[in-house]
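This report walks through selected side-chain and backbone features of one protein chain. The sequence and the structure are shown first, and the discussion follows them.

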Amino acid sequence: VIRDEADRRIYVFEIWDESGKVKQAWAFVVETDGALEVEELYVRPEFRGKGHGKALAAKVRTAADAKKMPLRAWVPFADSRQESPDNY
């Protein structure tokens, strides 16, 4: 957990390879207005299909349950098929 310039808590979840050299997936969650907002949940393309997204989502859900706070997700337009077909 870190804090941003507005003193909000930011929770960071990461999945690394066994050597600790390659970050494969991550999630950033900001605590705001009595909720946890998922600002980013990303799995690098070469590591997709291995359950990393599911593992991150479970960690985020566990944090929300522990804090008894609802989850909100922010989905940017940039990740749409039309704007970014490689990330869709």
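## A salt bridge within helix H1

In this predicted model, Arg61 is partly exposed, its relative accessible area being 38%. The side chain of Arg61 meets that of Asp65 in a salt bridge, with a nitrogen-to-oxygen distance of 3.1 Å. Asp65 also counts as partly exposed, at 46% relative accessibility, and because the partly exposed class lies between 20% and 50%, neither Arg61 nor Asp65 is assigned to the buried or the exposed class.

Both residues belong to helix H1, which covers residues 52–67, and they are four residues apart, about one turn of the helix.

## Other salt bridges

The structure holds seven salt bridges, and two others are described here alongside the pair in H1. Side chains of opposite charge can pair when their charged atoms come close. The side chains of Glu37 and Arg72 form one such bridge, at 3.0 Å from N to O. This pair links distant parts of the chain, since Glu37 lies in strand E4 (residues 35–43) and Arg72 in strand E5 (residues 71–73), with their positions 35 residues apart in the numbering. Arg72 counts as partly exposed, with a relative accessibility of 37%.

Asp4 and Arg8 form a further salt bridge, in which the closest N and O atoms are 2.6 Å apart. The two partners fall into separate accessibility classes: Asp4 is buried, with a relative accessible area of 14%, whereas Arg8 is partly exposed, with a value of 34%.

## The largest nonpolar core

Which residues have the most contacts inside the largest nonpolar core? That core has 15 residues, and those with the most contacts inside it are Phe13, Val29, Leu36, Leu56 and Val60. Two or more core residues are given by each of strand E2 (9–16), strand E3 (23–32), strand E4 and helix H1, and the largest share, four residues, comes from H1.

Phe13 illustrates how such a residue is surrounded. When residues up to four places away in sequence are not counted, Phe13 touches Ala25, Trp26, Ala27, Val29, Leu56, Lys59, Val60 and Ala63, a list that includes Val29, Leu56 and Val60 from the residues with the most contacts inside the core.

## The surroundings of Trp26

A search of the whole structure finds one aromatic pair. The pair is formed by Trp26 and Tyr42 and is tilted, with ring centres 5.1 Å apart and an angle of 40 degrees between the planes. Trp26 is in strand E3 and Tyr42 in strand E4, 16 residues apart, and the pair links distant parts of the chain. Trp26 is buried, with a relative accessible area of 15%, while Tyr42 counts as partly exposed, at 23% relative accessibility.

The ring of Trp26 also has a charged partner, for the charged end of Lys23 sits over this ring, 5.2 Å from its centre.

## Ile10 and His52

Is Ile10 buried or exposed? Ile10, which lies in strand E2, counts as buried, because its relative accessibility of 15% is under the 20% limit for that class. Leaving aside neighbours within four places in sequence, Ile10 is in contact with Val1, Ile2, Asp4, Val29 and Val30; among them, Asp4 is the salt-bridge partner of Arg8. Ile10 and Lys59 are 49 residues apart in sequence, and their C-alpha atoms are 14 Å apart in space.

His52 is found in helix H1 and is likewise buried, with a relative accessible area of 14%. Not counting residues up to four places away in sequence, His52 touches Ile15, Gln24, Ala25, Val43 and Phe47; Ala25 is also one of the residues touched by Phe13.

## Positive phi values in two loops

Where in the chain do residues other than glycine take a positive phi? One example is Asp7, whose phi is near 65 degrees, and which is found in the loop between strand E1 (2–3) and strand E2.

Lys68 is another, with a positive phi of about 55 degrees although it is not a glycine. Lys68 lies in the loop between helix H1 and strand E5, and it is exposed, with a relative accessible area of 74%.

Notes: Residues numbered from 1 in each chain as written. Predicted model: local features only at pLDDT ≥ 70, side-chain atom pairs only at ≥ 80, totals over all residues. Heavy atoms only, no water. Salt bridge = Lys/Arg side-chain N within 4 Å of Asp/Glu carboxyl O. Buried < 20%, exposed > 50% of the residue type's maximum accessible area, 1.4 Å probe, protein only. Core = buried A, V, L, I, M, F, W, Y, C linked by side-chain atoms within 4.5 Å. Contact = heavy atoms within 4.5 Å. Phe/Tyr/Trp six-rings, centres within 6.5 Å; stacked < 30°, edge-to-face > 60°. Lys NZ or Arg CZ within 6 Å of the ring centre and 35° of its normal.
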